Amino acid sequence: MSVDTDRATREGPAGAVAAEERIASSDAAVFTQERISAEIAAEHAGDAAARARGERVPTTRLDFAPYRSSVLRHPTKEPVRADPEDVELSAPVFGERDIDPLEADLTIASTGEPVGERMVVTGRVVDGEGRPVRRQLVEVWQANAAGRYAHARDQHPAPLDPNFLGVGRCLTDDDGWYRFTTIKPGPYPWRNHRNAWRPAHIHFSLFGTEFTQRLVTQMYFPADPLFDLDPIYQSVTDPVDRELLVARYDHSVTQHEWCTGYRWDIVLTGTHRTRLEPDPEPGEEH
């Protein structure tokens, strides 16, 4: 995955553990998956035609019509530019004393074992030249194996897991590596349209090389059948870029009789950077 550090995002794990903000419109249920899929195809066809004419197409559409709530709340003005040096004077600094290594294991939040497929997710955080980004704060949050977040706002009929909170964080090492032990999340419904389901994913937050460069994005799993149906995933306009959001199974990370393993590298800058998806409103997570 690559991270576009030109934008700072607003939401993080504190509010982002929050489950899906359901779209309030009573019209959401009348939109079928077939209609949404047709709109996605039309958007992609328009983007392809624009590229063929030599026009610039954004890597991620923040006003992607099939993703209903983005149409009403996407940014319409240029971001406010902050002086990184001024921000750094008051911004927190994360060090070894601030992050306990145990925080990278999401499976030990309680005395019991969480339900689901245990897995390790690991990768390198690098810049556009392939150089490691050291001591990078990486935070993750996710639903449990049943597709439910441990948050009061998530009330869809799936079981909570008392042994799984779904939040973790770590610092990258000298070679830019991060590593989390967790449970594979399940897909879950959301109210963008009738019978809408989100592919299984893990939310990632990291700060780039400065605190003004914070990124929040999502990591997916290979060959998810919901990819083609999901307007958030499809809001990344180029299929090559969408693939940058998908981890790969790595048998060298998998451990005998213990867990499966996935690798997902994060590139902060350059042409191969990981793409953003539309930002959630504060307290809204998809």
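Start by selecting His201 and Tyr220: Tyr220, in strand 8, is the bridge partner of His201. Before moving on, note that this is a predicted model, where local features need pLDDT of at least 70 and side-chain atom pairs count only at pLDDT 80 or more, while totals for chains, interfaces and linings use all residues. Residues are numbered from 1 along each chain as its sequence is written, and side-chain values use heavy atoms, with hydrogens and water left out.

Now widen the selection to strand 7 (residues 201–206) and strand 8, which pair in the antiparallel sense over 6 bridges. Pairing here takes at least two DSSP bridges between two strands; strands are DSSP runs of E with at least two residues, helices are runs of H or I with at least four, and both are numbered from the N terminus.

Next, bring in the rest of the sheet. It is open, with 4 strands in the order 3-2-7-8 and antiparallel pairing. Strand 3 (167–171) and strand 8 (215–220) stand at the edges with a single partner strand each, so one side of each has no neighbour in the sheet. Look for the twist: neighbouring strands are turned by 25° against each other on average, direction ignored, using axes fitted as lines to C-alpha atoms and angles that run from 0 to 180 degrees between N-to-C directions.

Hop over to Thr181 in strand 4 (residues 177–183). Is Thr181 buried or exposed? Thr181 is buried, at a relative accessible area of 17%; buried means under 20%, exposed over 50% and partly exposed in between, with a 1.4 Å probe and protein chains only. Show its contacts (heavy atoms within 4.5 Å): leaving aside residues up to four places away in sequence, Thr181 touches Ala104, Asp105, Leu106, Thr107, Arg118, Met119 and Val120.

Last big stop: helix 2 (residues 33–52). Its 20 residues reach 28 Å from first C-alpha to last, close to the 28 Å expected at 1.5 Å a residue, where the expected span is 1.5 Å times one less than the number of residues. Colour Gln33, Ile36, Glu39, Ile40, His44, Asp47 and Ala50, which are buried. They cover an arc of only 135° around the axis, and therefore lie on the same side of helix 2; the arc uses directions from the helix axis to the C-beta atoms. That buried set packs against helix 3 (68–73), helix 5 (231–234) and helix 6 (239–243). Flip to the other side to find Glu34, Ala42 and Ala52 exposed. Just after helix 2, click Gly54, which takes a positive phi of about 85°.

Finally, zoom out: the chain has 6 helices and 11 strands, and buried residues make up 51% of its 286 residues.
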